Amino acid sequence: ANRQTSTSATQKEASRLRTTPVRQDSWQSFVARTHHRKPHHTMREIVHLQAGQAGNQIGAKFWETISAEHEISANGVFDENKVIDQSTADVLQENVNVYFSEACGSRYVPRSIMLDLEPSVLDEIYSSSVGALFKPDAAVRGTSGAGNNWAKGHYTEGAELIDQALDVARKEVEDCDCLQGFQFVHSIGGGTGSGMGTLLLSKLREEYPDRIMVSYPVFPSPKVSDVVVEPYNATLSVHQLIENADEVMVIDNEALHHICNKTLKVPNPTFSDLNNLVSSVMAGVTCCLRFPGQLNSDLRKLGVNLIPFPRLHFFQIGFAPLGSPASSAYRKVSVGDLTQQIFQASNMMAAADPRNGRYLTASALFRGQVSTKDVEDEMLKVQNKNSAYFVEWIPNNIKSSVCNIAPKIPQADLSATFIGNTTAMQDVFRRISDQFSVMFRRKAF
């Protein structure tokens with residue numbers, strides 16, 4: 001009886017506390033404490049995976065780009081120098097959870113999983129300027145290396161590490177509110193990115209069949225070969241990408257070199273320059289998830305609008321404005337200029353010339369303060385002028401979307417990201433297949 005009376009007393013006390021009005025000053029102090037925070041609403045998160053040397057280097061560059069866009073400093077603190085006004089801060093932080101999870105002390109941590117079968121690249125990332133961003137247990141590292149051998153990455157060395165990688169991935173997914181999907185960066189010419197990368201892809205596909213899988217694979221280049229056995233590794237990986245990925249953005253070092261040389265006027269581009277191009281596309285594809293826009297797009301909408309038949313999900317990607325830093329101060333970028341540049345063959349990041357095929361579908365994602373009418377007019381113009389390059393059985397085949405927040409590029413307040421599904425992509429596969437047959441005919445390697 002005694003215990004009952006005590007509980008009822010506490011209940012009375014609790015109800016009395018509930019009905020007393022909140023004092024105004026405590027509310028103000030609460031606002032002061034939580035300055036720079038937004039009310040919680042459902043996020044659509046993306047889990048980022050990177051495998052192998054190429055994947056990790058592109059991934060590191062990508063996180064640099066994303067944290068710059070959200071004003072997150074190299075140690076994970078938002079607006080470290082307190083220079084951003086409240087309304088801008090609200091916009092930047094509203095959907096920061098797409099790529100970052102919040103740790104204690106409002107520190108932002110990338111939702112990233114890094115895999116490699118040799119430790120050197122990961123150690124390099126952790127000791128670099130952005131190394132403090134990543135949490136130590138995001139890295140899954142082996143010691144032996146895959147030696148450019150697909151089977152080692154997929155069946156022997158990689159298979160030993162895959163459970164550990166899946167645990168890390170599962171933990172990230174469980175912390176998500178509403179997972180949009182996975183984005184995956186790897187090369188398919190080497191061993192780890194191609195072998196272990198595709199293994200992880202298929203395992204995640206098995207576990208989360210209804211989530212979007214976007215892959216950014218670095219394909220072997222036409223003229224420059226880094227690895228002699230590229231055709232083998234690539235052939236085995238492409239098969240996996242056809243089965244298990246939803247959207248594949250084809251990247252190619254040679255095409256990126258070409259853009260750096262011809263358009264950006266960088267005489268001897270480093271991998272860092274090339275990775276910068278890729279990461280600006282990666283940031284452009286998901287900007288609609290991260291910032292408010294007039295016409296939204298997300299990974300799933302992209303897939304629905306760009307893939308007419310399920311196996312044809314290999315896309316050609318591009319970005320504008322690209323130009324030499326010296327000349328960028330002398331021009332104003334308009335929607336027309338951007339449209340013209342993204343459809344140029346020299347602007348494509350994979351070695352397939354769109355003039356050799358036809359576009360099934362395409363998507364143009366504009367960023368910055370553009371009027372949607374301009375965008376629609378330009379898209380219509382492109383389709384009418386170049387109607388020979390678009391298939392006639394899909395009448396309006398360009399999807400456009402507009403996001404209000406401009407990217408962090410010097411001297412550009414507008415930018416456009418291009419994703420096209422063109423039949424010219426067969427060049428890439430034909431080339432790999434020819435190289436494969438030439439070697440396999442002799443049973444080489």
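**Questions on a predicted chain**

Reader: How far apart do the centres of the positive and negative side chains lie?
Author: The chain has 43 positive and 47 negative side chains. This is a predicted model, and the centres of the two sets lie apart by 3 Å.

Reader: How many helices and strands does the secondary structure of the chain come to?
Author: The count covers helices and strands along the chain. Among the helices are α7, residues 192-207, and α16, residues 426-441. The totals are 16 helices and 13 strands.

Reader: What radius of gyration does the chain have, set against a compact globule?
Author: The C-alpha trace spans about 90 × 55 × 45 Å along its principal axes. For 445 residues, a compact globule would have a radius of gyration near 22 Å. The value for the chain agrees with that, at 24 Å.

Reader: What share of the residues in the chain is buried?
Author: The chain exposes about 20500 Å², and carbon and sulfur atoms supply 53% of that area. Burial is counted by residue, with a cut-off of under 20% relative accessible area. Of the 445 residues, the buried share is 53%.

Reader: What percentage of the contacts with a separation of 6 or more comes from residues 24 or more positions apart?
Author: The base for this percentage is the set of contacts in the chain with a separation of 6 or more. Within that set, residues 24 or more positions apart account for 81%.

Reader: Which residue in β3 is the bridge partner of E102?
Author: Strand β2 covers residues 100-103 and strand β3 covers residues 107-110. The two run antiparallel and are joined by four bridges. In β3, the partner of E102 is Y108.

Reader: Which residue in the hairpin of β2 and β3 takes a positive phi?
Author: Three residues lie between the two strands of this hairpin. The positive phi is near 70 degrees, and the residue that takes it is G105.

Reader: Is L133 buried or exposed?
Author: L133 lies in the loop between α5 (120-126) and β5 (139-141). Beyond residues up to four places away in sequence, L133 touches W63, S67, I72, S73, A74, G76, R107, Y108, V109 and P110. Its relative accessible area is 2%, so L133 is buried.

Reader: Where is T198, and is T198 buried or exposed?
Author: T198 lies in helix α7. Not counting residues up to four places away in sequence, T198 touches W150, H154, G193, S237 and Q240. Because its relative accessibility is 0%, T198 counts as buried.

Reader: Which residue is joined to P321 by a cis peptide bond?
Author: P321 has its place in the loop between β10 (314-320) and α13 (325-328). Omega is about 0 degrees for the cis bond, and the residue joined to P321 is A320.

Reader: What is the relative accessible area of E71?
Author: E71 is found in the loop between α3 (52-69) and α4 (86-94). E71 is not a glycine, yet has a positive phi of about 55 degrees. E71 is partly exposed, with a relative accessible area of 29%.

Reader: Is F445 buried or exposed?
Author: F445 lies in the segment after α16. Although not a glycine, F445 has a positive phi of about 55 degrees. The cut-off for exposed is over 50%. The relative accessible area of F445 is 71%, so F445 is exposed.

Terms used: Residues numbered from 1 in each chain as written. Predicted model: local features only at pLDDT ≥ 70, side-chain atom pairs only at ≥ 80, totals over all residues. Heavy atoms only, no water. Pairing = 2+ DSSP bridges. Rg over C-alpha atoms; globule rule 2.2 N^0.38 Å. Buried < 20%, exposed > 50% of the residue type's maximum accessible area, 1.4 Å probe, protein only. Contact = heavy atoms within 4.5 Å. Areas by Shrake-Rupley, 256 points an atom, 1.4 Å probe, with all protein chains shown as cover. Lys, Arg positive; Asp, Glu negative; His and termini not counted. Charge placed at Lys NZ, Arg CZ, Asp CG, Glu CD.
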